Amino acid sequence: MLSKFFPRVEQKSLDEPVQSRDAFIYLNRAMWGLGWTEAYEKRWQYWYNMWTMFTTLIFIILLPMSMVAEYVQNFRNFSAGEFLSSLEISVNMYGCSFKSTFIILGFPKFQEAKKILDKLDQSCQRDQEKLGIRRYVAWGNLCFMLYQMSFSFFVVVNCAGYMIMGRHAWRMYFPFINPDKYFFSTNFLECFLMGSVVLMDQCTDVSALTFILLGRCHITLLKDRLTRLRIDPSKSEEEHLKELNKCIEDHRLILDYFNVLRPVFSKTIFIQFLLIGLVLGLSMIYVQFFATFWMGIINFVFMFDVCLETFPFCYVCNLIIDDCQELADSLFQSNWMSADRRYKSTLIYFLHNLQQPIALTAGGVFPICMQTNLSMVKLAFSVVTVIKQFNLAEKFQ
C-alpha cells in the first residue's frame, strides 16, 4: 500500500539501476527543503543560502526561544501539568536545535561518505550482491517514511486534541499577537512550526540510521565475499591473491566510511543520550500524576517517538560489532590452507586488521550500543522513583 505512493520503499528488480546513495532520496528531499544541503543549480546558490539562513533563524534559534519567552511572560498561568507537558517538548526542541546544527555542518562529510559508497558499489558484481544493495536501499527509504508517519501523527493528534479542549498545544510565544483572540490562527501556526521542528528532528535521526544501515550492508557483502575466497579451482594463485587484495581495499573503504561519519554522529547521539533520560522522565511524571486519559495516550506516542531516536541506531551498531567478528571468522574459515606463502602472509595481515571492531562512541564518552541506551532509559525510571518517594507531584496538584 505504501509503495503505491512512495515507490522507493519497495525493493527494485535487477533490471533497474540502483546505487547505495539511492537510500537517501526521501531524506535528501526533506533536508533540501529545510535548507540543509545545496541548490540543485549553482545560479540559485545565493538564494538557497538565504533560505538556509531564514530556516535556521526561525526553527533553530527563535522557535526554542519562544518557548522560554512564554514561561517568562505567562508562568503564573501554567498549571503543573501544562508546565511539564510544555517543558518536555521544550527540552527536546533545544536538543533538536543542537543536533540540526551538527547535521548542517556535517553535510560535506555526508557527501564524502556517499562517494565512498559509490566505490564500494563497484565491487558488487554478482546478482546476489546487487539484490542486497537494493534491499538496504529500500529499507533506508522505508525508515524515512515510517519515521515521518510516526512523528507527524504525534503533531497532528496533539494539536487537534488541544484545539478540541480549547487550549494551545505547545504554548508558544508570539509577540504582538493575542493567542486567545486569534485562537485558531495561532493554533494552526503552532502546528506548522512544530511540524517543521519535528521534520528537522526526523532528518537528524533518520540520517544517522540510514548511513549506518548502508555501512552494515557493505560489511555483510564483504563477509560473503570472504567466504568465497579460493573456491574456484580454475583460477590461478595470482587471481586468488588479487581477490584477497580487493577485499582488503573494500575493508579499508568501509573503515574510511565510518571514520568520515564518526565526528558527526558522535555529537548528535551524545546529545540524544543526554536527552532521552530527562525527556522520558518528564513524560512519565506527566502521565502518572497530571495527564488525563487522552493526553496520556498522546504522551505515550511522544515517548515512543523519543525512543525511536536512539533505539534502532543503537541496535544496528550492535549488529555491526557482531558482523566485524564474523568477518574475521569468515576469512579464517576460507580455503587458505593450500595457498602459497605470499597469499598466507597477506591473509595474516588482513586477519589482524579484521579483528579490530568498528565501534562508535557518543561524544567520545559513551559507547553507542543497546546497553548504553537502556542505561539512559533507566534514568527516567529513577527520576519517577524519586518523585514518588518524596511525594513531590502531590504538592503541585
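Reader: What makes the contact between D323 and K223 a salt bridge?

Author: In this predicted model, the closest N and O atoms of D323 and K223 are 3.7 Å apart. The limit for a salt bridge is within 4 Å, so the pair D323 and K223, at 3.7 Å, counts as one. As background, side chains of opposite charge can pair when their charged atoms come close.

Reader: Which parts of the chain does the pair of D323 and K223 link?

Author: Distant parts: D323 is in helix α10 (residues 311-332), while K223 belongs to helix α7 (residues 183-227), and the two residues are 100 residues apart.

Reader: How do you know whether D323 and K223 are buried or exposed?

Author: Let's set each value against the cut-off. Buried means under 20% relative accessible area. D323 has 3%, so D323 is buried. K223 has 17%, so K223 is buried as well.

Reader: What makes D224 and R228 a salt bridge, and are these residues buried or partly exposed?

Author: The closest N and O atoms of D224 and R228 are 3.3 Å apart, and the limit is within 4 Å, so the pair qualifies. For exposure, the class between 20% and 50% is called partly exposed. D224 has a relative accessibility of 31% and therefore counts as partly exposed. R228, at 25%, is partly exposed too.

Reader: Why are D256 and R252 separated by about one helical turn?

Author: Because D256 and R252 are four residues apart in helix α8 (residues 237-289). Their side chains meet in a salt bridge, with 3.3 Å from N to O. D256 is called partly exposed because its relative accessible area is 27%, and R252 is partly exposed at 43%.

Reader: Which residues are joined into one network by salt bridges that share partners?

Author: R126, E129, D224, R225, R228, K246 and D250. You have already met two of these residues, D224 and R228, as a pair. By the salt-bridge rule, the count comes to 19.

Reader: Let's turn to the surface. What makes the nonpolar surface patch, and where does its largest share come from?

Author: The patch, about 590 Å², is made by L57, I61, L62, M65, V68, V72 and Y94. Its largest share, six residues, comes from helix α3 (residues 45-74).

Reader: How do you know that L57 can belong to a patch?

Author: L57 lies in helix α3, and its relative accessibility is 40%, so L57 counts as partly exposed. Patch residues need over 30% relative accessible area and no salt bridge. L57, at 40%, is therefore past that area limit, and L57 is listed among the residues that make the patch.

Reader: Why is an empty space called a cavity, and how many cavities are there?

Author: Rolling a probe the size of a water molecule over the atoms shows where empty space is left. The name cavity is used where a 1.4 Å probe fits but cannot get out. The structure holds seven cavities of 30 Å³ or more.

Reader: What is the volume of the largest cavity, and which residues are closest to its centre?

Author: The volume is about 170 Å³. Of the 14 residues that line the largest cavity, N92, F154, V198, D201 and F302 are the closest to its centre. Helices α4 (80-105), α6 (127-164), α7 and α9 (293-308) each supply at least two lining residues. By type, the lining of the largest cavity divides into ten nonpolar, one polar and three charged residues.

Reader: And what lines the second largest cavity?

Author: The second largest cavity has a volume of about 80 Å³. It is lined by 13 residues, and the closest to its centre are S85, E88, N158, Y162 and N299. Two or more lining residues come from each of α4, α6 and α9, with the largest share, four residues, from α4. This lining divides into eight nonpolar, four polar and one charged.

Reader: Why is C369 called buried?

Author: C369 is called buried because its relative accessibility is 14%, and the cut-off is under 20%. C369 sits in the loop between β2 (366-367) and α12 (370-389). C369 and C314 are 55 residues apart in sequence and 4.6 Å apart in space, from C-alpha to C-alpha.

Reader: How many helices and strands does the chain have, and what share of its residues is buried?

Author: There are twelve helices and two strands in the protein chain. Of its 397 residues, 51% count as buried.

Note on methods. Residues are numbered from 1 along each chain as its sequence is written. This is a predicted model: local features need pLDDT of at least 70, side-chain atom pairs count only at pLDDT 80 or more; totals for chains, interfaces and linings use all residues. Side-chain values use heavy atoms; hydrogens and water are left out. Patches are made of residues with over 30% relative accessible area and no salt bridge: like charges are joined within 9 Å, nonpolar side chains (Val, Leu, Ile, Met, Phe, Trp, Tyr) within 5 Å. Accessible areas come from the Shrake-Rupley method with a 1.4 Å probe; for residues, only the protein chains shown count as cover. Buried means under 20% relative accessible area, exposed over 50%, partly exposed in between (1.4 Å probe, protein chains only). On a 1 Å grid over the protein atoms alone, a cavity is a set of points where a 1.4 Å probe fits but cannot get out, and a pocket is an open set with protein on both sides within 12 Å along at least five of seven lines; lining residues have an atom within 4 Å of a point. Grid points are joined across faces, edges and corners, and a volume is the space filled by probe spheres set on the points. Ala, Val, Leu, Ile, Met, Phe, Trp, Tyr, Cys and Pro count as nonpolar, Asp, Glu, Lys and Arg as charged, and the others, Gly among them, as polar.
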